[in-house]
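User: I should like to go through the reasoning behind the terms applied to this model. Please set each value against its criterion.

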Amino acid sequence: MRPIKAVLRRSALGHNIGVVRRHAPHSRIWAVVKADAYGHGLTRMLPVLAAPSPAGPDGLALLELDAAIRLRESGVTKPILMLEGFFTADEIELYSRHRFTSVIHSLQQIAMLEASTIAAPIDVHLKLNTGMNRLGLVTRDAIPALARLRACGKAGVITLMTHFADADGPGGVAEQHARLNDVLAQAGKRSGMSAQLPLSLANSAAILRYPETHADWVRPGIMLYGCTPFADEPEFSAAHFGLEPVMTLKSEIIAVQDLAPGDRVGYGGTYTARKAMRIGIIACGYADGYPRHAPGTNQHGTPVLVGGRRTRTVGRVSMDMIYADLTPVPDAGVGTPVTLWGEGLSADEVADAAGTVSYELLCALTPRVAVEVLE
Ligand SMILES: *Cc1c(COP(=O)(O)O)cnc(C)c1O
């Protein structure tokens, strides 16, 4: 077996749920588990995800219908929120049967629900576009949409929802939050329409930075997996918030090369040795999910731990291998353990070096990487 493996620590997920609870003590938690729990494997994380609240989350949010049905088949009884809702009218029956809560983000979905013949109403998160311009009804459609949902008798509990575009950046949430509050004020004028309208607004960044957005349901994703949403702000690292990485991607050095000054490394020879040096060849490449754009030039490397010590990559990432400068680890050789990201080296730092976000690294892990699950 190639020595690469992803080690997943379930207790870290449990710990990070606790961090969410400490930040938003009065909110219920939708654990966002789309994309197979951000690449960790929904089934592998299930013992923590299905644990009763408060140790486990209050509900699970995703958008893949097959995965949601499998959750019900494996005995999950907590609420399940479908983040993009139903795509076609025939899915509504499944939502009703499996008690899925549907995001409703368009007038087309409302028309489909009105026309459906479901026996039991489905709970709904009515999604408003308050400025992100991705999914959601424009705010002027909100009140008529609410009225239609109430009137059709096919919506159970109706929660209002929005999503922030820049909770992790300089734009913040104020403008979007104000637009949402306008809708609530209008609903309040219509014979107490806003009464009994729970709210769900906050992703990880808003949970950590904007307590005024916590409301009834928070929707943490990336922080559950132990990464920070504030990739551009080193002072707001995952460690700063006490988040623990769930995934550690590990491998080993499988070969060593001694370079003379002027020797070049890898495809395209993008790194040139300036002095005599040793490099370690690591069994991990882009076919394992390591980002091909992680730099390894003379100017910029990507951090990597070899034998527990920090060094940097040199050369271009190939399909199955990368190279590490062994100068800071002179005793390293074939078999020395390597951490690509996780415990001791946050995926946030590796992502930052590679010009992406930790979300992408975690989701990109490929099926050929062996997985070991620890409690
Ligand atoms: C993915 C997603 C989240 C979670 O976002 P994080 O930044 O990972 O916390 C929350 N809400 C919606 C609608 C999402 O699509």
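Analyst: A pocket is an open set of grid points with protein on both sides within 12 Å along at least five of seven lines, and a molecule sits in it if more than half of its atoms lie within 2 Å of its grid points. In this predicted model, the space taken by the ligand is the largest pocket.

User: What makes the approach of Y38 to the ligand a polar contact?

Analyst: The cut-off for a pair of N or O atoms is 3.5 Å. A polar side-chain atom of Y38 lies 2.6 Å from an oxygen atom of the ligand, so the pair falls within that limit. By the same cut-off, S204 qualifies through a side-chain N or O atom 2.5 Å from a ligand oxygen, and R219 through a polar side-chain atom 2.9 Å from a ligand nitrogen. The protein buries 92% of the 390 Å² that the ligand exposes when taken alone.

User: Why is C284 called buried?

Analyst: Buried means under 20% relative accessible area. C284 has 0% relative accessibility and therefore counts as buried.

User: Why is C363 described as partly exposed?

Analyst: The term covers values between 20% and 50%. C363, at 37% relative accessibility, therefore counts as partly exposed.

User: How do you know how many disulfides there are?

Analyst: Two cysteine sulfur atoms must lie within 2.5 Å, and by this rule the count is zero. For C284, the nearest cysteine sulfur, that of C227, is 16 Å away. For C363, the nearest is also that of C227, at 10 Å. Neither C284 nor C363 is therefore in a disulfide under the 2.5 Å limit.

Methods
Residues are numbered from 1 along each chain as its sequence is written. This is a predicted model: local features need pLDDT of at least 70, side-chain atom pairs count only at pLDDT 80 or more; totals for chains, interfaces and linings use all residues. Side-chain values use heavy atoms; hydrogens and water are left out. A polar contact is a pair of N or O atoms within 3.5 Å; within protein, one must be able to donate a hydrogen and the other to accept it, and residues adjacent in sequence count only if both atoms are side-chain atoms. Accessible areas come from the Shrake-Rupley method with a 1.4 Å probe; for residues, only the protein chains shown count as cover. On a 1 Å grid over the protein atoms alone, a cavity is a set of points where a 1.4 Å probe fits but cannot get out, and a pocket is an open set with protein on both sides within 12 Å along at least five of seven lines; lining residues have an atom within 4 Å of a point. Buried means under 20% relative accessible area, exposed over 50%, partly exposed in between (1.4 Å probe, protein chains only).
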